[in-house]
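Subject: Handover of the structure, with notes

Dear colleague,

Please find below the structure that I am handing over to you, followed by my notes on what was found in it.

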Amino acid sequence: MKIGVLNSGGDCPGLNAVIHGIVGAADQLGFEVIGFRDGFEGLLPPASFTRLTPRDTIGILKLGGTILGTTNKGHFAAKVGKGSIAEVPADIVAQAKATMDQLEIGALIIVGGDGSLTTGLQLFRAGWPIIGVPKTIDNDLSATAITFGFDSAVSTVVDALDRLHTTAESHKRIMVLEVMGRHAGWIALWGGIAGGANIVLVPEMPFCFEKLVERIKQRELQGNHSTLVVVAEGAKLPAGDLVTLDANAGGEVRLGGIGDRVASTLQTLTGKETRSCTLGHLQRGGAPTALDRILGMRFGVMAVKLAAEGKFGRMVSYQSYHVDSVPIQDAVNQLRLVQPDSELVIAAKAVGICFGD
Ligand code: F6P
């Protein structure tokens, strides 16, 4: 069998580990692997692809990014804003299918997030032999307990908070760190807890400034003159507005700026010097953690197993310490969000973290 693989959507640490897993497992079964470049775009004529052998993947396990390239734009972008889904036009599907047929691809592994897997579902329903591998640093896909890349992003947040902590204490300042998390606040929550944040703001939990000020004043009375705030880019201002950088025509809105807004308001309300810092794509770049390398590799191996068994239309999934699979249709369009009454949030509150709710 010839197995095609492509990465689609934003990159994330661990993509190369998935490729490493796919190529290794395929080689053992005597399958050939064709890697398409720059996501689905690589399928369009003139097709852009490369044959991948174990020799080509030596040393990639530890590399961030993806050796195949990726895109969250282009002809196959399924998500055009929250809740709205675009079908890939029939002529584009037909052109890509011609490449699949010419190369005699017997299985196409799509490593992507909710939008890319939605495209994958459309193609599967059109008869393509699709297998999905979930990918998102936001960790917000409902049908898998965890996705690779998340742990690496959280580690970057923790490292940043450790650094901000010392300077915040020296200057008795409030420090606000804006992190990724479009619809879900997992990065902010995990990073905030592990990095010792005092305030965590997530999209799922509306906050009001009065509560934040109350917490900061309480800390002052307790002798803590610095405060660390983590805010997810998708957290909404008390009036309900998202803070955006620009509207990306035909695509998802670019989020960014909530950290600055929170910082300036807190400075005004508390009179304390406040600084903000945005981590941005530092969370997406760089080497994957050991956990993400292992998870990515296992996901790749399972994807090849599904291909070998002809289990198309399924997505690799991680549940209860076990890598398995679920139908792609059960995985897309349902986000896994932070539950305000969950044990994790209750535990965070128990150790004094304020969510502003
Ligand atoms: O979905 C993952 C994500 O990292 C979001 O948290 C963020 O809003 C978005 O991607 C950034 O995308 P881009 O790389 O296109 O700016």
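How far is an oxygen atom of the ligand from an N or O atom in the side chain of His281? The separation is 2.8 Å, and please keep in mind for this and every other value here that the model is predicted.

**The ligand site**

The residues that surround the ligand are Asn72, Asp138, Met180, Gly181, Arg182, Glu233, His281 and Arg284, and when this shell is sorted by class it comes to 1 nonpolar, 3 polar and 4 charged residues. Besides the pair with His281, a polar side-chain atom of Asn72 lies 2.9 Å from an oxygen atom of the ligand, and an N or O atom in the side chain of Arg182 is 3.3 Å from an oxygen atom of the ligand. Taken on its own, the ligand has 400 Å² of accessible area, of which the protein covers 76%.

**Domains**

The protein chain is divided into two parts, with domain 1 made up of 2-148 + 288-331 and domain 2 running over 165-281. Between the C-alpha centres of domain 1 and domain 2 there are 34 Å.

**Cysteines**

How many disulfides does the model hold? The count comes to 0 disulfides, and in the case of Cys208 the nearest cysteine sulfur belongs to Cys354 and is 8.5 Å away. A disulfide needs two cysteine sulfur atoms within 2.5 Å, so Cys208, with its nearest partner at 8.5 Å, is in none. As for exposure, Cys208 has a relative accessible area of 25% and is therefore partly exposed, and Cys277, at 31% relative accessibility, also counts as partly exposed.

**Backbone geometry**

As background to the next three residues, most residues other than glycine have a negative phi, and most peptide bonds are trans. Against that, the peptide bond from Pro45 to Pro46 is cis, with omega near -5 degrees, and Pro46 is found in the loop between strand S2 (32-36) and strand S3 (49-52).

Glu104, although it is not a glycine, has a positive phi of about 55 degrees, and its place is the loop that connects helix H2 (90-103) with strand S4 (107-112). Is Glu104 buried or exposed? Its relative accessible area is 60%, which means that Glu104 is exposed. Along the chain, Glu104 and Ile353 are 249 residues apart, and their C-alpha atoms are separated by 55 Å.

A positive phi is also found at Asn333, a residue other than glycine, where the value is near 60 degrees. Asn333 sits in the loop between helix H9 (328-331) and helix H10 (343-350), and since its relative accessibility is 41%, Asn333 counts as partly exposed.

**Some single positions**

Two positions with a relative accessible area of 0% may be useful to you as reference points in the interior, namely Ala235 and Val262. Ala235 is buried although it is found in a loop, the one between strand S8 (227-232) and strand S9 (244-246), and its C-alpha atom is 9.9 Å from that of Val200, with the two positions 35 residues apart in sequence numbering. Val262, which is likewise buried, has its place in helix H7 (residues 258-270), and from its C-alpha to that of Phe207, a residue 55 positions away in sequence, the distance is 11 Å.

Pro89 lies in the loop between S3 and H2, where at 41% relative accessibility it counts as partly exposed. Pro89 and Ile199 are 110 residues apart along the chain, and the separation of their C-alpha atoms is 45 Å.

With best regards

Note on methods: Residues numbered from 1 in each chain as written. Predicted model: local features only at pLDDT ≥ 70, side-chain atom pairs only at ≥ 80, totals over all residues. Heavy atoms only, no water. Near = heavy atom within 4 Å. Polar contact = N/O pair within 3.5 Å; in protein donor to acceptor, adjacent residues only side chain to side chain. Areas by Shrake-Rupley, 256 points an atom, 1.4 Å probe, with all protein chains shown as cover. Nonpolar A, V, L, I, M, F, W, Y, C, P; charged D, E, K, R; others polar. Domains from an automatic or database assignment. Buried < 20%, exposed > 50% of the residue type's maximum accessible area, 1.4 Å probe, protein only. Helix = DSSP H or I, 4+ residues; strand = E, 2+ residues; numbered from the N terminus.
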